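I keep these notes for a reader who has not met this structure before. Each entry records what I looked up and what I found.

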Amino acid sequence: SLGRTAGVYVEVKDPARHRDAGLDSSVEILKVLKSAGYDSASAPVFVQCFDEAEVRRLRTELKSPLPLIWLTAKMPDEAKVREVAGFCDGLGVTLNLVVTDVTKQGQPTITTLVETAHRYGLQVHAWTFRADALPAGVRDADLLLEWLTVEGGVDGIFADQPDVVVGWRNRRLAADGRGNPFRLLNAGRRRTPGADSDSPGQSQPENPQN
């Protein structure tokens with residue numbers, strides 16, 4: 001109805017526990033996605049899981065070409081980022097792994113996680129943004145989104161109020177008609193024919209230098 005593709009973001013929950021019960025949730029999820037046409041690296045979908053071994057299994061044993069995201073609430077060191085880059089396409093991390101805190105002067109403390117992930121070709125998606133539960137020291141939602149995206153460089157944001165994120169993005173784009181290097185801000189922009197496209201439902205792993 002909006003004239004654009006909306007993608008899906010699927011999470012494999014407790015895969016080991018399901019297999020212990022005789023249910024292979026990853027296999028079933030891939031079957032459902034394939035039946036709906038999600039069967040390539042360019043499909044408008046992400047498949048995510050906290051279980052690192054399961055993400056690896058999706059890529060190696062189950063041979064899934066779909067964009068895969070490893071979810072983690074702990075800061076991975078560079079060696080871990082390099083390792084997971086061998087079998088997944090991005091990291092899904094808590095907001096505080098990107099913006100750790102706010103100084104007394106009201107400035108964000110930004111980690112090097114996104115920079116490291118991008119160096120190994122991984123996207124970074126931060127979770128979970130809530131306009132009604134901002135981190136200490138953050139005075140408004142727009143400011144946090146600016147820090148995460150423009151200063152932190154994240155490629156995507158999980159949000160309980162996606163309308164707030166989209167509203168901020170639209171205002172930011174209107175104020176910056178020249179374009180910018182940030183995936184989230186460029187997502188959904190109408191571009192000239194032949195230009196690379198990038199929408200929320202069509203994000204693909206990319207070389208951060210592109």
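The entries below go from the whole chain to the core, then to single helices, strands and residues.

**Entry 1: the whole chain.** I began by noting that the model is predicted. I counted eight helices and eight strands in the protein. I then looked up burial, and 42% of the 210 residues count as buried. I also looked at contacts between residues at least 6 apart in sequence, and 58% of these join residues at least 24 apart.

**Entry 2: the core.** I asked which residues have the most contacts inside the largest nonpolar core. They are Val47, Cys88, Leu91, Leu148 and Val154, in a core of 43 residues. Helix H6, residues 141–151, contributes the most to this core, namely six residues. I next looked up the core against the domains. Domain 1 (7–72) and domain 2 (97–177) both supply residues to the core, so the core lies between them.

**Entry 3: valine 154.** I selected valine 154 from the core and listed its contacts, leaving aside neighbours within four places in sequence. The list consists of Val98, Val114, Val124, Ala126, Leu148, Thr149 and Leu184.

**Entry 4: threonine 149.** Threonine 149, one of the contacts of valine 154, is found in helix H6. I asked whether threonine 149 is buried or exposed. Its relative accessible area is 0%, so threonine 149 is buried. I also looked up its separation from leucine 184, which is 35 residues away along the chain. The C-alpha atoms of the two residues are separated by 7.0 Å.

**Entry 5: helix H2.** I listed the buried residues of helix H2, which spans residues 25–35, and obtained Ser25, Ser26, Ile29, Leu30 and Leu33. These residues cover an arc of only 130 degrees around the axis, and therefore they lie on the same side of H2. I recall the general rule here: an α-helix has 3.6 residues a turn, so residues three or four places apart point the same way. I then turned to the face of H2 that points away from the buried side, where I found the exposed residues Lys31, Val32, Lys34 and Ser35. I also asked what covers the buried residues of H2. The cover includes strand E1 (8–11), helix H1 (15–20), strand E2 (45–49) and helix H3 (52–60). Just after H2, I noted that glycine 37 has a positive phi of about 95 degrees.

**Entry 6: the hairpin of E5 and E6.** I looked up how strand E5 (residues 99–102) meets strand E6 (residues 108–110), and the two pair in the antiparallel sense over three bridges. In this pairing, valine 99 stands opposite isoleucine 110 in E6. E5 and E6 form a hairpin, and five residues lie between them. In the turn I found glycine 106, with a positive phi of about 80 degrees.

**Entry 7: E7, H6 and E8.** Strand E7 (residues 123–129) and strand E8 (residues 156–159) run parallel and are joined by three bridges. I located histidine 125 opposite glycine 156 in E8. With H6, the two strands make a right-handed β-α-β unit. H6 is thus noted here again, after its six residues in the core. Within E7 I looked up threonine 128. The peptide bond from tryptophan 127 to threonine 128 is cis, with omega near -15 degrees.

**Entry 8: positive phi outside glycine.** I found that aspartate 14 has a positive phi of about 40 degrees although it is not a glycine. Aspartate 14 sits in the loop between E1 and H1, and it is partly exposed, with a relative accessible area of 44%. Lysine 63 also has a positive phi, near 55 degrees, and is a residue other than glycine. Its place is the loop between H3 and strand E3 (68–72). Lysine 63 is exposed, with a relative accessible area of 64%.

**Entry 9: glycine 86.** I located glycine 86 in the loop between helix H4 (78–84) and strand E4 (90–94). Its relative accessible area is 65%, so glycine 86 is exposed. I last looked up its distance to arginine 59, which is 27 residues apart from it along the chain. Their C-alpha atoms are separated by 9.5 Å.

Conventions:
Residues are numbered from 1 along each chain as its sequence is written. This is a predicted model: local features need pLDDT of at least 70, side-chain atom pairs count only at pLDDT 80 or more; totals for chains, interfaces and linings use all residues. Side-chain values use heavy atoms; hydrogens and water are left out. A nonpolar core is a set of buried Ala, Val, Leu, Ile, Met, Phe, Trp, Tyr and Cys residues joined through side-chain atoms within 4.5 Å. Buried means under 20% relative accessible area, exposed over 50%, partly exposed in between (1.4 Å probe, protein chains only). Helices (H or I, at least four residues) and strands (E, at least two) are DSSP runs, numbered from the N terminus. Domain bounds come from an automatic or database domain assignment. Contact means heavy atoms within 4.5 Å. The arc is that of the directions from the helix axis to the C-beta atoms. Two strands pair if DSSP finds at least two bridges between them. A crossover is right-handed if, with the strands pointing away from the viewer, the path from the first strand over the helix to the second runs clockwise.
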